[in-house]
Amino acid sequence: LTRMVLREAASLIAVGLAAGLAGALALTRLLRTLLYGVAASDALSFIAAAGVLAAVALAASYVPAWRAARVEPLPALRSE
């Protein structure tokens, strides 16, 4: 159950990161005026930000998955 929830979360995270990276790359002309000391299309910055966001999102989805895996199935179905 935990793996299933984390797999679904990972697919949503991947879609969100792809859309965010595409939007960020599209807005690099605007970002150039706001950044100091870093190129607007710096690959290391994009990879680091995507990695941190992915790690935080997976950690945030692990807690509900872990709680759902601890619930006994039969009493949970009876209460519904």
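**Note on a predicted helical model**

1. Thr-28 is a residue of helix H2. The model is a predicted one, and the points below should be read in that light. Thr-28 has a relative accessibility of 10%, and it counts as buried because the cut-off for that class is under 20%. Leaving aside residues up to four places away in sequence, Thr-28 touches Ala-40 and Ser-41.

2. Leu-30 also has its place in helix H2, which covers residues 28-32. Is Leu-30 buried or exposed? Its relative accessible area is 53%, so Leu-30 falls in the exposed class, which begins over 50%. Helix H2 therefore holds both a buried residue, Thr-28, and an exposed one, Leu-30.

3. Leu-30 belongs to a nonpolar patch on the surface, together with Leu-27 and Leu-34. The accessible area of these three leucines together is about 330 Å².

4. Now the chain as a whole. The protein chain contains 4 helices and 0 strands, and the order of its elements from the N terminus is α-α-α-α. Its radius of gyration is 19 Å, whereas the globule rule gives 12 Å for 80 residues; the value is well over the rule, so the chain is more spread out than a compact globule. Along the principal axes, the C-alpha trace spans about 60 × 20 × 15 Å.

5. How much of the protein chain is buried? Of its 80 residues, 11% are in the buried class. The accessible surface of the chain amounts to about 6400 Å², and carbon and sulfur atoms hold 69% of that surface.

6. Helix H3 runs over residues 43-70, a total of 28 residues. At 1.5 Å a residue, it should span 40 Å; the C-alpha atoms at its ends are 41 Å apart, which agrees with that expectation.

7. Which residues of H3 are buried? They are Phe-46, Ala-50, Ala-54, Ser-61 and Ala-65. What do these buried residues pack against? Their partner is helix H1, residues 2-26.

8. Ala-9 is found in helix H1, and its relative accessible area of 13% is below the 20% limit, so Ala-9 is buried. Ala-9 and Tyr-62 are 53 residues apart in sequence, yet their C-alpha atoms are 9.0 Å apart in space. On contacts across the chain, 70% of those with a separation of 6 or more join residues 24 or more positions apart.

9. Leu-12 is another residue of helix H1. With a relative accessible area of 64%, which is over 50%, Leu-12 is classed as exposed. Leu-12 and Arg-29 are 17 residues apart along the chain, and 28 Å separates their C-alpha atoms.

10. Val-15 lies in helix H1 as well. Why is Val-15 called exposed? Its relative accessible area is 58%, and the exposed class takes in values over 50%. Val-15 and Glu-72 stand 57 residues apart in sequence, with a C-alpha to C-alpha distance of 32 Å.

11. To sum up helix H1: Ala-9 is buried, while Leu-12 and Val-15 are exposed. On the other side of the packing, the buried residues of H3 meet H1, among them Phe-46 and Ala-65.

Note on methods:
Residues are numbered from 1 along each chain as its sequence is written. This is a predicted model: local features need pLDDT of at least 70, side-chain atom pairs count only at pLDDT 80 or more; totals for chains, interfaces and linings use all residues. Side-chain values use heavy atoms; hydrogens and water are left out. Helices (H or I, at least four residues) and strands (E, at least two) are DSSP runs, numbered from the N terminus. The expected span of a helix is 1.5 Å times one less than its number of residues. Buried means under 20% relative accessible area, exposed over 50%, partly exposed in between (1.4 Å probe, protein chains only). Contact means heavy atoms within 4.5 Å. Patches are made of residues with over 30% relative accessible area and no salt bridge: like charges are joined within 9 Å, nonpolar side chains (Val, Leu, Ile, Met, Phe, Trp, Tyr) within 5 Å. Accessible areas come from the Shrake-Rupley method with a 1.4 Å probe; for residues, only the protein chains shown count as cover. A salt bridge is a side-chain nitrogen of Lys or Arg within 4 Å of a carboxyl oxygen of Asp or Glu. The radius of gyration is taken over C-alpha atoms; the globule rule is 2.2 Å times the number of residues to the power 0.38.
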